[in-house]
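Let's take a quick tour of one sheet and one serine. Have the 3D view open and follow along.

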Amino acid sequence: MEDLQSSLTCQGLTVTALKGKGRCLYTTKGFSPGDVIISQEPYVSVPNNSSIDSRCEVCFTSGKLKKCSACHVVRYCGSTCQISDWKLHRLECHALSALNLDRRKSLTPSIRLMVKLYLRRKLQNDKIIPTTTTDNYNLVEALVSHIADINEKQLVLYAQMANLVNLIIKWPDINIKEVSENFSKLACNAHTICDGELRPLGTGLYPVVSIINHSCLPNSVLVFEGRMAVVRAVQCIPKGSEVLISYIDSAGSTMARQKALREQYFFTCTCPYCTKVNQFDDVRESAVLEGYRCKDDGCSGFLLRDTDDKGFVCQECGLLRSKEDIVRIASELKLMADKAAMSLSKGCYVEAQSIYKMVEKLQINLCHPFSVNLMRTRENLLKIFVELKDWQEAIVYCKLTIPVYLRVYPPFHPLLGLQYYTWGKLEWFLGNTEDAVKALTKAVDVLRVTHGINTPFMMNLLTMLEEARAEASYKFSSKDDSRQLMPYV
């Protein structure tokens, strides 16, 4: 712990233990929006490989990959990545090669991550792989497992997974109970590694980054540059402040966020956003984001359950919406939404867009215009129309989501910036250069804070914006020239 403190001090950080919260990461200097607070390579990581999408074990790139000729599980983009991973993969390859082919194909990322965790610990203990103050197994041991909070069904599953790890490694002294507890640690502490557009690429364990606590109103954001986890400030963080990120998608009511945090991370959030629970502002926001709309199409009021439990009353115009009306539409909506999700999962995009439009129609009738569920449906329609290359329809749905994004996400949130980016790209595809410049400029304003400016994604975005500006300038000057050439009448 002292070695870690010394290393963090050089970065303007310190670890403090607080009663009721455990370890916390605090600043010993100020940070400005966009500043990198901390970055860390994973202790272990695995890519998300499937039959249709495979990635390099080291850099997570896709494309022309070669399988390891011995285990046929791990893939590499070239000799550089293969050589850098050889010390660890040599042990894993030997263990995986001893399994039959069907078992090798069925290995989950969680199992592989745990196998690699123990193999890396062994290599560090044997001095084959060096340890540092921010890269050693002691940091993994210090992570909270919440094993006492796990239900019996999950405990049995972790025990079965631990036995499978034992079957793969075949070490006589392996501690099955410890492996089970480490699976619980992974569930609470591992991170989904994403690309610049927040598309999942794999899973990694970052023991130092895992010290950072949650807030629904965070002052920092976690993104990834390749496999490296990078935490950036999204607001001014004074010296002596706790560094906070959001563990979950914060779009939703306080009760929905609290439920997600309890189920996944076993704690109740007490951030300023959550302490307002059951206060009028919080009740109103919950009713808007997850409740029902007024019967009067011209009214934007929110509904609360009436005292006689006959239905829901609009808090703006006083109209009652009957419980029977809501139950009828909600029942039809659930059946339709399940059918739409099934079609989308099968890649039947034409069928899925038709059903999702029916879902949208029902939700417009049932939900408040700022409903998160309606927003999710429109996100799905946006993705479908992008897949179908129907840019015009895609723009319509992209623009419909943005007002809700502005309501549910902070000003510097990656998802908001990426939605502006999507809007800008679509406008450019359709030749709407001026609108593309406006949207891409908004994207850059957000994403240069959350992503920095030196990643390949951001450099492509900045290039796209410059090209769009040049094209817009050319079109404007061409119009100007044509006006000057028009004859006087």
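Keep in mind that this is a predicted model. Start with the hairpin: strands β7 and β8 make one, with five residues between them. In that turn you'll find Leu198, whose phi is positive at about 60 degrees.

**The hairpin, strand by strand**
- β7 covers residues 191-194 and β8 covers residues 200-205, and the two pair in the antiparallel sense over four bridges.
- Look for His191, whose bridge partner in β8 is Gly204.
- Then find Cys194, which sits opposite Pro200 in β8.

**The sheet around it**
- The hairpin belongs to an open sheet of three strands, ordered β4-β8-β7, with antiparallel pairing.
- β4 (44-47) and β7 are the edge strands, as each of them pairs on one side only.
- On average, neighbouring strands in this sheet are turned by 30 degrees against each other, if you ignore direction.
- Helix α5 (residues 109-125) lies across β4 and β8, and runs at about 150 degrees to β4.

**Over to Ser371**
- Ser371 is in the loop between α12 (349-366) and α13 (372-387).
- Is Ser371 buried or exposed? Its relative accessibility is 1%, and buried means under 20%, so Ser371 counts as buried.
- Leaving out residues up to four places away in sequence, Ser371 touches Val288, Leu289 and Val404.
- A polar atom of the Ser371 side chain lies 3.2 Å from the backbone nitrogen of Asn373.

Technical notes
Residues are numbered from 1 along each chain as its sequence is written. This is a predicted model: local features need pLDDT of at least 70, side-chain atom pairs count only at pLDDT 80 or more; totals for chains, interfaces and linings use all residues. Side-chain values use heavy atoms; hydrogens and water are left out. Two strands pair if DSSP finds at least two bridges between them. Axes are lines fitted to C-alpha atoms, for helices over the stretch in contact, and angles run from 0 to 180 degrees between N-to-C directions. Contact means heavy atoms within 4.5 Å. Buried means under 20% relative accessible area, exposed over 50%, partly exposed in between (1.4 Å probe, protein chains only). A polar contact is a pair of N or O atoms within 3.5 Å; within protein, one must be able to donate a hydrogen and the other to accept it, and residues adjacent in sequence count only if both atoms are side-chain atoms.
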